[in-house]
Amino acid sequence: ANELGLYDMSGNVCEWCLDWYGPYSTTNATNPSGVATGSNRVRRGGGWRYGPAECKSTGRYWGKPLDSGDYLGFRIVLAPVLNEKRIVPEEVKMLGPVDGQAWISPTTGMEFVWVPTLKLWVGKYEVTNAEFCKLIPEHNSGSFRSFPLDRPRQPVVNVSKENIDKMLRLMTDTERNAGLLSSSLEYRIPKVDEWLFFAQCNKTNYYTWGHSMPPSFGNFADKALATKFPGVYAIETYNDGHIVACDVQQSGVNQWGIYGTSGNVWEMTVDKSGELWGLGGAWNSCDTKYLRTDARFSISNDTFQSNVLGVRLVLSKLTPFKK
């Protein structure tokens, strides 16, 4: 360690710096800020592959922002936000989702699955409270008869189309402005036909799990709910163990690795005419007509919200405007 108690300032691994690499000024300067932009970032400190000369504190090296290696690392600092507009180089702007590969939103940590036939990414899970509140921190999903609906990994509920649109704008704009998402891509809610396709894994089953009852997976009104609240309607031959909405990773998974398309919460979708529909059933669903994959209910307006209605996102290419 040095006199400040900082370890490995010389050697071990070479450390990335925020500065762009460029020539020093020919005049004397104290803590110069360097060039405003460039194509290479500064690296300092030397590493286990470097000789003594390269490990001097005055040594300065450079590399492309996408470079990596067994001799390269980094150190983090905590500092006030600078009131400046950061310029993102074109090669960094190339980062983002790649067709055929899974994607994780850098803004929310939301996971997406690539669906080849649809040529888009589908949310692996329903949007959670934690993910939604990263963008709209004041939201609270509430509770049902003292049972919480606002745990971090439960699906967000009591959200309207207006709330969801606000989240989508923030999520899309933040990642575009940071150079992490192409301007040709956008986050949105699924279309009805898209939802039916990925929920059924391109099959024509009555239910997401097949053609017969009881369910093979999913969070519905079951023995656990009926035991806690005697007299409520429930599927007497089924027990998923959840009284209300469960954490999204516990909500059952289909053959394409997509969770929660059977129950837990209804998911907001939109049809070709722009009308909103809830699909997929919820933790309080028990009538077989509401467990069918094609079951749906009409969402009356953009301000409607319910403790059994949530949302799943897709990431897709923008549809070209047609005159």
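**Reading a sheet and its neighbours**

Reader: I'm looking at the hairpin of β11 and β12. How many residues lie between the strands, and which residue there takes a positive phi?

Author: There are 5 residues between the two strands, and G274 takes the positive phi, near 95°. Keep in mind as we go that this is a predicted model.

Reader: How do β11 and β12 run, and how many bridges join them?

Author: First the general idea: strands of a sheet pair through backbone hydrogen bonds, and the pairing can be parallel or antiparallel. Here, β11 (residues 266-270) and β12 (residues 276-279) run antiparallel, joined by 4 bridges. You can pick out partners by eye: M268 is bridged to G278 in β12, and T269 has W277 as its bridge partner in β12.

Reader: What does the whole sheet look like, and in which order do the strands come?

Author: Reading across, you get β13-β12-β11-β14, so to speak a row of 4 strands in an open sheet with mixed pairing. The edges are β13 (296-299) and β14 (309-310), each of which pairs on one side only.

Reader: And how does β11 run next to β14, parallel or antiparallel?

Author: Parallel, with 2 bridges joining β11 to β14. Look for E267, which stands opposite G310 in β14.

Reader: Which way do the side chains of β11 point?

Author: As a general idea, side chains in a regular strand alternate between the two faces of the sheet. In β11, W266, M268 and V270 point one way, while E267 and T269 point the other.

Reader: Why is β11 described as largely enclosed?

Author: Count its buried residues. With 5 of the 5 residues of β11 buried, the strand is largely enclosed by the rest of the structure. That covers the residues pointing either way, since W266, M268, V270, E267 and T269 are all buried.

Reader: E267 has a charged-sounding name. Which residue does E267 meet in a salt bridge?

Author: R312: the two side chains meet at 2.7 Å, N to O. This pair links distant parts of the chain, with E267 in strand β11 and R312 in the loop between β14 and β15 (314-317), 45 residues apart. Both R312 and E267 are buried.

Reader: How many salt bridges does the structure hold?

Author: It holds 10. Another of them joins E194 to R188, whose closest N and O atoms are 2.9 Å apart. Both E194 and R188 are buried.

Reader: Where do K161 and D165 lie, and how far apart along the chain?

Author: Both sit in helix α3 (residues 161-177), 4 residues apart, about one turn of the helix. Their side chains meet in a salt bridge at 2.9 Å, N to O.

Reader: Is K161 buried or exposed?

Author: Buried, at 15% relative accessibility. The cut-off for buried is under 20% relative accessible area. D165, at 22%, is partly exposed.

Reader: What about cysteines? How many disulfides does the count come to?

Author: The count is 0 disulfides. The way to read this is to check how far apart the sulfur atoms are; the cut-off is within 2.5 Å. For C133, the closest cysteine sulfur is in C246, 18 Å away, and that is too far for a bond. For C246, the closest is in C286, at 17 Å, again too far for a bond.

Reader: How accessible are C133 and C246? Start with C133: what does its relative accessibility make it?

Author: C133 counts as partly exposed at 22% relative accessibility. C246 is buried, with a relative accessible area of 1%.

Reader: Where would I find a residue that counts as exposed, and what is the relative accessibility of S216?

Author: S216 counts as exposed, at 56%. Find it in the loop between α4 (192-199) and α5 (223-228). S216 and P152 are 64 residues apart in sequence, and their C-alpha atoms are 26 Å apart in space.

Reader: One more stop, the start of the chain. Where is G5?

Author: G5 is in the segment before β1 (14-20). With a relative accessible area of 41%, G5 is partly exposed. To tie this back to our sheet, G5 and T269 are 264 residues apart along the chain, with 55 Å between their C-alpha atoms.

How values were computed: Residues numbered from 1 in each chain as written. Predicted model: local features only at pLDDT ≥ 70, side-chain atom pairs only at ≥ 80, totals over all residues. Heavy atoms only, no water. Pairing = 2+ DSSP bridges. Salt bridge = Lys/Arg side-chain N within 4 Å of Asp/Glu carboxyl O. Buried < 20%, exposed > 50% of the residue type's maximum accessible area, 1.4 Å probe, protein only.
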